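Here is a report on a single chain and its fold. Please look over the structure first, then read on.

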Amino acid sequence: MAIKTNLPDLTPASQRFKQEIILPSGGFSNPIAFPGGKFIVYPWDMATSEWMVTAPRTNELTYMVQLVSRLSHLSTEVVKTMVSSELPLIVMVARALTFPDSKVEYVATCPYCRTNQAKVALQIPNALQKISEKPAGYTCDTVTLPVSKDVITVKPATVTEQEAARNRPEKFQKVLGNAEASALAAVRTVGGGVPDTQDELVKWYRALSPTDSEFLVTEIAKLNPGVSTSIKHVCDNQACQREFTYELNLTTDFFRG
Ligand SMILES: [Zn+2]
């Protein structure tokens, strides 16, 4: 070999710097691929940065699946068996492996007095809280609606289930928003009974009181394993000092930076 290097050996850096993490879902959606929630993340590379510039972005979820597939060296078929809410974490970890000092900066505005707060710089993902981690042997969560007292079992939806919910028939698109369709993809039983059809589930959902339907969608969002992008603030303005939550926008645009 003509090259004279100080490297001890020529193992690819992607192998040396890869990191094993435990998925917040515990891997319940595919225990064979992710035993005990174990998942290997490879560092962000320049080829991925280049790919991001040209990749078609017609569908945000498909785009995220392809990105996670690149960063995990897993096929898109396997990535689609993951719980969709934990895909952003993989991207954040991969970026942190390559850019350990990278931070996201933002200026929040108090919703009450409109005062701009001091600039915040957060290290991603370490500064973000993991939410709704699932225990070993997890099967489902239970939600009781406040008005009807209907008892619902909920299991966070996989990418495949989310895709089906978002590509719903036109008749459902007219009556359900994306957030509602995504939430319903996680509903497994109502009062102990499995819905016979999607029609039946949607009919039930639309009959719920506004209090119950709002509660259901909000609770399901909280049960999705991943990292929290809601950051609590107390207003800097001494005359205000009210508490508010800032929503960090971690869409794929963030990861392009
Ligand atoms: Zn304020």
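Arg 114 sits in the loop that links strand 3 (103–106) and strand 4 (120–123). In this predicted model, its phi is near 65 degrees, a positive value in a residue other than glycine. Most residues other than glycine have a negative phi. Arg 114 counts as exposed, because 9 C-beta neighbours lie inside 10 Å and the exposed class takes 12 or fewer.

His 73 also calls for attention here. His 73 is not a glycine, yet its phi is positive, at about 55 degrees. His 73 comes just after helix 3, in the loop that leads from helix 3 to helix 4 (76–79). It is exposed, with 11 other C-beta atoms within 10 Å.

The table sets out burial for four residues.

| Residue | C-beta neighbours within 10 Å | Class |
|---|---|---|
| Arg 114 | 9 | exposed |
| His 73 | 11 | exposed |
| Thr 144 | 11 | exposed |
| Lys 155 | 22 | buried |

**Overall layout**

The chain holds 11 helices and 11 strands. Its C-alpha atoms fill a box of roughly 75 × 55 × 35 Å along the principal axes. Of the 257 residues, 26% are buried. Among contacts with a separation of 6 or more, 64% join residues 24 or more positions apart.

The chain is divided into two domains. Domain 1 covers 13–130 + 240–256, and domain 2 covers 135–224. Their C-alpha centres lie 25 Å apart. Across the boundary, 13 residues of domain 1 are in contact with 12 residues of domain 2.

**Helix 3 and the largest core**

Is helix 3 (60–72) as long as its residue count predicts, or shorter? Its 13 residues should span 18 Å at 1.5 Å a residue, and the end C-alpha atoms are 18 Å apart, so the two values agree. Buried positions in helix 3 are Met 64, Val 65, Leu 67, Val 68, Arg 70, Leu 71 and Ser 72. An α-helix has 3.6 residues a turn, so residues three or four places apart point the same way.

The largest nonpolar core has 25 residues. Val 41, Val 68, Leu 71, Ile 90, Val 91 and Ala 94 touch the most other members. Strand 2 (38–41), helix 3 (60–72) and helix 5 (87–98) each supply at least two residues of this core. Which element gives the most? Helix 5 does, with seven residues. In soluble globular proteins, nonpolar side chains tend to be buried together.

Ile 90 shows the packing at one site. Leaving aside neighbours within four places in sequence, Ile 90 is in contact with Val 41, Val 68, Leu 71 and Ser 72. A second, separate core has 13 residues, including Ile 152, Ala 185, Val 187 and Leu 216.

**The sheet of strands 6, 7 and 8**

Three strands form an open sheet in the order 6-7-8, with antiparallel pairing. Strand 6 and strand 8 (187–190) stand at the edges. Each has a single partner strand, so one side of each is left without a neighbour in the sheet. From one strand to the next, the twist averages 25 degrees.

Strand 6 pairs with strand 7 (residues 151–154) over four bridges, in the antiparallel sense. Val 143 stands opposite Ile 152 in strand 7. Six residues lie between the strands of this hairpin, and Lys 149 takes a positive phi near 65 degrees.

Thr 144 belongs to strand 6 (residues 141–144). Not counting residues up to four places away in sequence, Thr 144 touches Lys 149 and Val 151. Thr 144 is exposed, with 11 other C-beta atoms within 10 Å. From Thr 144 to Leu 87 is 57 residues along the chain, and their C-alpha atoms are separated by 28 Å.

**Lys 155**

Is Lys 155 buried or exposed? Lys 155 counts as buried, because 22 C-beta neighbours lie inside 10 Å and the cut-off is 20 or more. Lys 155 lies in the loop between strand 7 and helix 6 (159–166). Beyond residues up to four places away in sequence, Lys 155 touches Cys 140, Ala 186 and Arg 188. Lys 155 and Leu 223 are 68 residues apart in sequence, and their C-alpha atoms are 8.1 Å apart in space.

Terms used: Residues are numbered from 1 along each chain as its sequence is written. This is a predicted model: local features need pLDDT of at least 70, side-chain atom pairs count only at pLDDT 80 or more; totals for chains, interfaces and linings use all residues. A nonpolar core is a set of buried Ala, Val, Leu, Ile, Met, Phe, Trp, Tyr and Cys residues joined through C-beta atoms within 7 Å. Two residues are in contact if their C-beta atoms, placed from the backbone, lie within 7 Å. The expected span of a helix is 1.5 Å times one less than its number of residues. Two strands pair if DSSP finds at least two bridges between them. Axes are lines fitted to C-alpha atoms, for helices over the stretch in contact, and angles run from 0 to 180 degrees between N-to-C directions. Domain bounds come from an automatic or database domain assignment.
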